Amino acid sequence: GSFIPFYNDSLSQFTVYSWGIIAAGATFTISSITALYGITFSALQRFDIASKIGMVILTIQQISILIFVLFGYSVNAIFSIQLIVSIISFLIQRHLAHKILPELPRNLSWNRTEAIKCYRFGLITFINNISTSSLTYLDRLIMPFFLGPSNLTYYSLPGNVTAKIPNLSNSLSVILFPMASGLQSIGDIEKIRTLYIRSFRLITVVSAAMTVTAITYAHQILQYWISPDFAEKGTTVLIILAVTNFILALSGPLSNFLLGLGKLKFLTTLSITMAVTNTILLVILLPISGINGAAWAYLLSLFPVAYMFYFTEKHYLGLSKRKQYYKKIVFGNLLVGLIVYTISTLFLVNLATSLLLVLIIGGVTGILYLSLYWLFNFFEPEDIDSIKLFARRMFGKI
């Protein structure tokens with residue numbers, strides 16, 4: 001039931017959802033304005049404020065949706081509460097932005113020169129984002145036309161599991177954009193090189209640990225989360241997409257880094273190239289190999305990422321003697337990954353007999369990966385110092 005008359009649950013009367021559409025549009029508008037204040041925290045390196053606001057707002061959103069669903073409210077009610085939450089988020093972020101940066105104008109105004117700069121940058125960014133979104137979602141959009149809608153589920157859910165790999169790396173690397181931009185503005189190329197080398201070394205190891213864990217327990221994750229039948233059909237897709245998302249875990253932070261350096265045209269060109277390649281491969285591989293073909297198309301379309309790293313290091317950072325660096329990091333991750341995979345398949349996989357145990361054992365496997373990487377002395381001394389500093393700050397807050 002509903003306490004408000006126009007919240008009608010009938011799916012046959014689509015007009016009753018008009019208010020929900022209006023509320024969703026208003027939420028989008030307010031969220032866009034809120035972003036103007038939200039980026040203030042990133043620009044000032046106040047990620048603690050941004051993280052706290054994000055966690056609180058996200059928690060309120062999810063709990064409110066759950067409560068409204070449990071009490072039988074319709075889509076209109078859910079969009080209404082999201083609108084209210086977005087207004088609260090706007091007021092909070094506006095207040096805090098003015099508090100830490102008092103010189104911010106209280107009223108929004110129009111500056112023609114600044115607007116042209118923003119729209120020029122925004123247009124290229126828009127093209128880049130569209131290309132990136134196409135790379136991510138095109139397979140799911142056209143798959144029903146080739147294979148029917150039922151196969152979309154067997155592809156999407158494994159993809160949702162492995163998407164956590166780049167999500168974590170992007171969370172860890174959100175600082176790269178403002179830091180690279182700040183260092184670029186003062187021309188400190190040496191610190192830019194140091195930031196690049198150290199950050200990507202750590203991101204690679206953490207992402208590799210998650211990828212090996214996902215591959216090792218791919219079948220168990222789908223079996224105990226969904227069903228044994230689903231696991232039989234979706235395990236191969238999950239494994240392929242785990243490798244795909246490992247590459248995305250590296251390319252996402254690199255994109256933030258290049259944005260900070262102002263290399264948007266280069267980034268956009270590569271994004272369009274990968275999107276076009278993915279489209280061509282999807283048309284070829286989907287009819288031949290089904291959902292596995294879509295996964296392979298996504299993976300193969302990411303090969304330009306290697307060129308992205310090469311070009312960035314050679315032309316933007318002036319780094320040399322990188323072969324030895326890559327030999328060490330590739331050898332280290334392959335060796336540790338093989339050992340962890342062997343230990344897990346021989347001794348740990350059989351213990352994963354429920355979803356809870358899969359999550360616990362998966363966490364143990366990830367820790368085992370990082371521990372062996374440290375025991376084999378693959379971490380650089382400065383990386384260990386960074387990890388210790390991060391741990392001290394985390395446990396200090398707890």
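Good morning. I begin with a salt bridge: Lys233 pairs with Asp229, and the closest N and O atoms are 3.8 Å apart. That distance qualifies because the cut-off for a salt bridge is 4 Å between a side-chain nitrogen of Lys or Arg and a carboxyl oxygen of Asp or Glu. Please bear in mind throughout that this is a predicted model.

Where do Lys233 and Asp229 lie with respect to each other? They are both in helix α10, which covers residues 228–261, and since they are four residues apart, about one helical turn separates them. Lys233 is partly exposed, with a relative accessible area of 41%. Asp229 is also assigned to the partly exposed class, at 41% relative accessibility.

How many salt bridges does a search of the whole structure find? The search finds four. I shall describe two others besides the one with which I began.

One of them joins the side chains of Glu190 and Arg193, with an N to O distance of 3.0 Å. Both residues belong to helix α8, residues 189–216, and they are three residues apart, again about one turn of the helix. Glu190 has a relative accessibility of 49%, and therefore counts as partly exposed; the boundary for exposed is over 50%.

The other salt bridge is between the side chains of Lys328 and Glu380, at 2.8 Å from N to O. This pair connects distant parts of the chain, for the two residues are 52 apart. Lys328 is in helix α13 (residues 322–348), while Glu380 is in the loop between α14 (355–375) and α15 (381–397). Lys328 is partly exposed, and its relative accessible area is 36%.

The loop between α14 and α15 also holds Asn377. What is notable about the backbone of Asn377? Its phi is positive, about 65 degrees, although Asn377 is not a glycine. With a relative accessible area of 57%, Asn377 is exposed.

I turn now to the aromatic residues. The count of aromatic pairs comes to 15. One of these is formed by Phe266 and Tyr316, whose ring centres are 5.7 Å apart and whose planes meet at 85 degrees, an edge-to-face arrangement. Phe266 lies in helix α11 and Tyr316 in helix α12, residues 304–316, so the pair ties together parts of the chain that are 50 residues apart in sequence. Phe266 itself is buried, with a relative accessible area of 13%.

A second edge-to-face pair is made by Tyr325 and Tyr326: the ring centres are 5.0 Å apart and the planes stand at 75 degrees. Is each of these two tyrosines buried or partly exposed? Tyr325 is buried, at 17% relative accessible area, whereas Tyr326 counts as partly exposed, at 31%. The two values fall into separate classes because buried means under 20%.

Tyr325 has a further partner. The charged end of Arg322 sits over the ring of Tyr325, 3.9 Å from the ring centre.

Phe266 and Tyr316, which I mentioned a moment ago, also belong to a cluster. Ring pairs link them with Tyr307, Tyr310 and Phe311.

Next, the surface. Which residues make up the nonpolar surface patch of about 840 Å²? They are Leu123, Phe126, Ile127, Ile130, Ile272, Val276, Ile280, Ile284 and Ile288. Two helices, α4 (112–147) and α11 (264–300), each supply at least two residues of this patch. Helix α11 gives the most, with five residues. Phe126, for its part, is placed in helix α4. Helix α11 thus appears twice in this account: it contributes to the patch, and it carries Phe266 of the aromatic pair.

Finally, I would draw your attention to two threonines. Thr211 lies in helix α8, the helix that also contains Glu190 and Arg193. Thr211 is buried, with a relative accessible area of 7%. What does the side chain of Thr211 reach? It reaches the backbone oxygen of Ser207, at 2.8 Å.

Thr27 is found in helix α1, residues 18–43. This residue is buried as well, at 17% relative accessible area. The C-alpha atoms of Thr27 and Phe79 are separated by 8.3 Å, and these two residues are 52 apart along the chain.

To close, let me return to the contacts between distant parts of the chain. Lys328 and Glu380 form one such link, and Phe266 and Tyr316 form another, between helices α11 and α12. Thank you for your attention.

Notes
Residues are numbered from 1 along each chain as its sequence is written. This is a predicted model: local features need pLDDT of at least 70, side-chain atom pairs count only at pLDDT 80 or more; totals for chains, interfaces and linings use all residues. Side-chain values use heavy atoms; hydrogens and water are left out. Patches are made of residues with over 30% relative accessible area and no salt bridge: like charges are joined within 9 Å, nonpolar side chains (Val, Leu, Ile, Met, Phe, Trp, Tyr) within 5 Å. Accessible areas come from the Shrake-Rupley method with a 1.4 Å probe; for residues, only the protein chains shown count as cover. Rings of Phe, Tyr and Trp (its six-membered ring) pair if their centres lie within 6.5 Å; planes under 30 degrees apart count as stacked, over 60 as edge-to-face and the rest as tilted. Buried means under 20% relative accessible area, exposed over 50%, partly exposed in between (1.4 Å probe, protein chains only). A charge sits over a ring if NZ of Lys or CZ of Arg is within 6 Å of the ring centre and within 35 degrees of the ring normal. A polar contact is a pair of N or O atoms within 3.5 Å; within protein, one must be able to donate a hydrogen and the other to accept it, and residues adjacent in sequence count only if both atoms are side-chain atoms.
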